[in-house]
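Here are some notes to read alongside the sequence and the structure. Please take the points in order and look for each residue in the picture as its name comes up.

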Amino acid sequence: MEEIVTQLEMTAADQLNPAPPVDGVTLRAVEASPLIRDLHVRIGTPYRWPSADRSDDEWAHWLAEPERRYRLVEYRGEVAGAADFEPQHGEDVEITTFGLLPEFVGKGFGGYALTLVVADAWAVPGARRVWLHTSTLDHPNALPNYLRRGFRSFTRSA
């Protein structure tokens, strides 16, 4: 299967269409640590995320990015997923990671977890655009979830 990458954006915070709250789902800010690498590998391996195969040097570079902000998606105090985002030039904020651990996929809280991550990205001072990308290799619910939250596609490429 040929991979198709879709880039999506919101250009105003009021475009976020929040999912209904899910009891027990929270977002927690954390510092860069080996836990981030472990989560990327566990979440991304089934979807062939490039981050799942980064070298030690590539991970050192990724984790050293001073502007990147890391979040844990938690369900009743247990780590259920990960997200990170990075303010960029031009008042953009890129959500560079969003995903749930395999054992938490299909439990019905991905939409609310994404709502929390997007709201947090919009809270970056000066943010005027929040964007991300997904791929046909990602979970089949990824793109529909992004679209339901209010993201709009601005480019697709093979």
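1. Strands β1 and β6 are a good place to begin: they run antiparallel and are joined by six bridges. Within this pairing, L8 has L132 of β6 as its bridge partner. Please keep in mind throughout that the model is a predicted one.

2. On the other side of the pairing question stands β7, which also runs antiparallel to β1 and is joined to it by five bridges. Here the bridge partner of L8 is S153. As a general reminder, the strands of a sheet pair through backbone hydrogen bonds, and they may do so in a parallel or an antiparallel way.

3. Which residues of β1 lie on its covered face, and which on its uncovered one? The covered face carries T6, L8 and M10, while V5, Q7 and E9 belong to the uncovered face. This fits a general pattern, in which the side chains of a regular strand alternate between the two faces of the sheet.

4. The wider picture is an open sheet of seven strands, whose order is β2-β3-β4-β5-β6-β1-β7 and whose pairing is mixed. The edge strands are β2, residues 25–30, and β7, residues 152–157, each of which pairs on one side only. From one strand to the next, the twist averages 25 degrees.

5. At the β2 edge, the neighbour to examine is β3, residues 69–75, which runs antiparallel to β2 and is joined to it by six bridges. One position to locate in this pairing is T26, whose bridge partner in β3 is E74.

6. Helix α3, residues 110–122, lies across β1, β2, β3, β4, β5 and β6. With respect to β5, which spans residues 92–100, the helix runs at about 155 degrees.

7. T115 is a residue of helix α3, and is it buried or exposed? With a relative accessible area of 7%, T115 is buried, because the cut-off for that word is under 20%. Leaving aside residues up to four places away in sequence, T115 touches L16, P18, A19 and R149.

8. L16, one of those contacts of T115, lies in the loop between β1 and β2. L16 has a relative accessible area of 15% and is therefore also counted as buried. Again without residues up to four places away in sequence, L16 touches M10, T115, V118, A119 and R149, and M10 will be remembered from the covered face of β1. As for distance across the model, the C-alpha atoms of L16 and G81 are separated by 21 Å, and these two residues are 65 residues apart along the chain.

9. Two other helices pack against each other, namely α1, residues 34–44, and α2, residues 56–64, at an angle of about 115 degrees and with their axes 10 Å apart. The crossing in which α1 passes α2 is right-handed. In this contact, I36, R37 and H40 of α1 meet D56, W59, W62 and L63 of α2. By character, the residues of the contact divide into four nonpolar, one polar and two charged.

10. The structure holds five aromatic pairs, and the pair of Y75 and F109 deserves a careful look. The ring centres of Y75 and F109 are 4.9 Å apart and their planes lie at 10 degrees, so this pair is stacked. It links distant parts of the chain, since Y75 is in strand β3 and F109 is in the loop between β5 and α3, 34 residues apart. Y75 counts as partly exposed at 22% relative accessibility, whereas F109 counts as buried at 2%. Ring pairs also bring in F104, linking Y75, F104 and F109 into a cluster.

11. How do the rings of W131 and F154 meet, and what is the angle of their planes? Their centres are 6.3 Å apart and their planes stand at 70 degrees, so the pair is edge-to-face. This pair too links distant parts of the chain, with W131 in strand β6 and F154 in strand β7, 23 residues apart. W131 counts as buried at 13% relative accessibility, while F154, at 33%, counts as partly exposed.

Technical notes. Residues numbered from 1 in each chain as written. Predicted model: local features only at pLDDT ≥ 70, side-chain atom pairs only at ≥ 80, totals over all residues. Heavy atoms only, no water. Pairing = 2+ DSSP bridges. Helix = DSSP H or I, 4+ residues; strand = E, 2+ residues; numbered from the N terminus. Axes fitted to C-alpha atoms, helices over the stretch in contact; angles between N-to-C directions. Contact = heavy atoms within 4.5 Å. Left-handed = near helix turned anticlockwise from the far one by under 90°. Nonpolar A, V, L, I, M, F, W, Y, C, P; charged D, E, K, R; others polar. Phe/Tyr/Trp six-rings, centres within 6.5 Å; stacked < 30°, edge-to-face > 60°. Buried < 20%, exposed > 50% of the residue type's maximum accessible area, 1.4 Å probe, protein only.
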